[in-house]
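Me: I am new to reading protein structures. Could you walk me through one, feature by feature?

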Amino acid sequence: MEKITSFTINHLALLPGIYVSRKDKAENAVITTFDLRMTRPNFQPVMNTAEVHTIEHLGATFLRNHPHFGEKVLYFGPMGCRTGFYLLLAGDYESRDIVPLMKEMFSFIRDYEGQVPGAAARDCGNYLDMNLPMAKYLADHFLREVLDNITEERLIYPE
């Protein structure tokens, strides 16, 4: 059986950043999958499920309500390894194209106050597994350490 593309990336050289993971065609549309890598795989601790879950709820809510990208968002959710998230957008994009959007989203998460959207038994299958303070901390860290001064090595997968 062939390795899938995401398992061919050198995770030992992968830094936190925004990467185009793949581009697919669905009929006449291009779908761009982004790898939003928040922690360095195999070097930094992974994120706990509570903050990942909170970022997922806040990020998905922000993205689907975005005035420009909202209708282009196909999916936003966590990686199983808990080092980041996948974002699927309808359209042919490069990593740099979504840096402003990611700055907006992570600023929204960092600054969020109140009840996490969808954090209720009626709306979510595990609504008690949330950690807003830690989600805000991680969003702020990703903004300051990666997004505010993003470089090419954090926009293109390593060889």
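Here is a short conversation about how to read this model.

Me: What should I know before I start?

Reply: This is a predicted model, so local features need pLDDT of at least 70 and side-chain atom pairs count only at pLDDT 80 or more, while totals for chains, interfaces and linings use all residues. Residues are numbered from 1 along each chain as its sequence is written, and side-chain values use heavy atoms, with hydrogens and water left out.

Me: How many helices and strands does the chain have?

Reply: Helices (H or I, at least four residues) and strands (E, at least two) are DSSP runs, numbered from the N terminus. Here the chain has three helices and four strands. Along the sequence their pattern is β-β-α-β-β-α-α.

Me: How compact is the chain?

Reply: One guide is the radius of gyration, taken over C-alpha atoms, which is set against a globule rule of 2.2 Å times the number of residues to the power 0.38. For this chain the radius of gyration is 15 Å, close to the 15 Å that the rule gives for 159 residues, so the chain is as compact as a globular protein of that length. The C-alpha trace spans about 40 × 40 × 35 Å along its principal axes.

Me: And what share of the residues is buried?

Reply: Buried means under 20% relative accessible area, exposed over 50%, and partly exposed in between (1.4 Å probe, protein chains only). Buried residues account for 45% of the 159 residues in the chain.

Me: Which residues does Phe-85 touch?

Reply: Contact means heavy atoms within 4.5 Å. Phe-85 lies in strand S4 and is buried, at 0% relative accessibility. Not counting residues up to four places away in sequence, Phe-85 touches a list of residues including Phe-34, Leu-36, Met-47, Ile-55 and Phe-76. For the chain as a whole, among contacts between residues at least 6 apart in sequence, 68% join residues at least 24 apart.

Me: Can a loop residue be read in this way too?

Reply: Let's take two threonines. Thr-83 is in the loop between S3 and S4, and at 3% relative accessibility Thr-83 is buried. Thr-39 is in the loop between S2 and H1 and is buried as well, at 7%. Leaving aside neighbours within four places in sequence, Thr-39 is in contact with residues including Pro-16, Arg-82 and Thr-83.

Me: Which loop residues have a positive phi without being glycine?

Reply: Glu-27 is one of them, with phi near 55°. Glu-27 is in the loop between S1 and S2 and is exposed, with a relative accessible area of 80%. Asn-42 is another, with a positive phi of about 65°. Asn-42 is in the loop between S2 and H1 and is exposed, at 64% relative accessibility.

Me: On which side of helix H3 are its buried residues?

Reply: Helix H3 covers residues 132-147, and its buried residues include Leu-132, Leu-138, Phe-142 and Val-146. The buried residues of H3 cover an arc of only 165° around the axis, which puts them on the same side of H3. That arc is the one formed by the directions from the helix axis to the C-beta atoms. These buried residues pack against strand S1, strand S2, H1 and H2.

Me: How many aromatic pairs are there?

Reply: Rings of Phe, Tyr and Trp (its six-membered ring) pair if their centres lie within 6.5 Å; planes under 30 degrees apart count as stacked, over 60 as edge-to-face and the rest as tilted. A search of the whole structure finds six aromatic pairs. Phe-69 and Tyr-93 form a tilted pair, 5.9 Å centre to centre with 50° between the planes. The pair links distant parts of the chain, with its two residues 24 residues apart. Phe-69 is buried, with a relative accessible area of 9%, and Tyr-93 is buried too, at 12%. Elsewhere, ring pairs link Phe-62, Phe-108 and Tyr-112 into a cluster.

Me: Where does the charged end of Lys-72 sit?

Reply: A charge sits over a ring if NZ of Lys or CZ of Arg is within 6 Å of the ring centre and within 35 degrees of the ring normal. The charged end of Lys-72 sits over the ring of Phe-69, 5.7 Å from its centre. Likewise, the charged end of Arg-40 sits over the ring of Phe-43, 3.7 Å from its centre.
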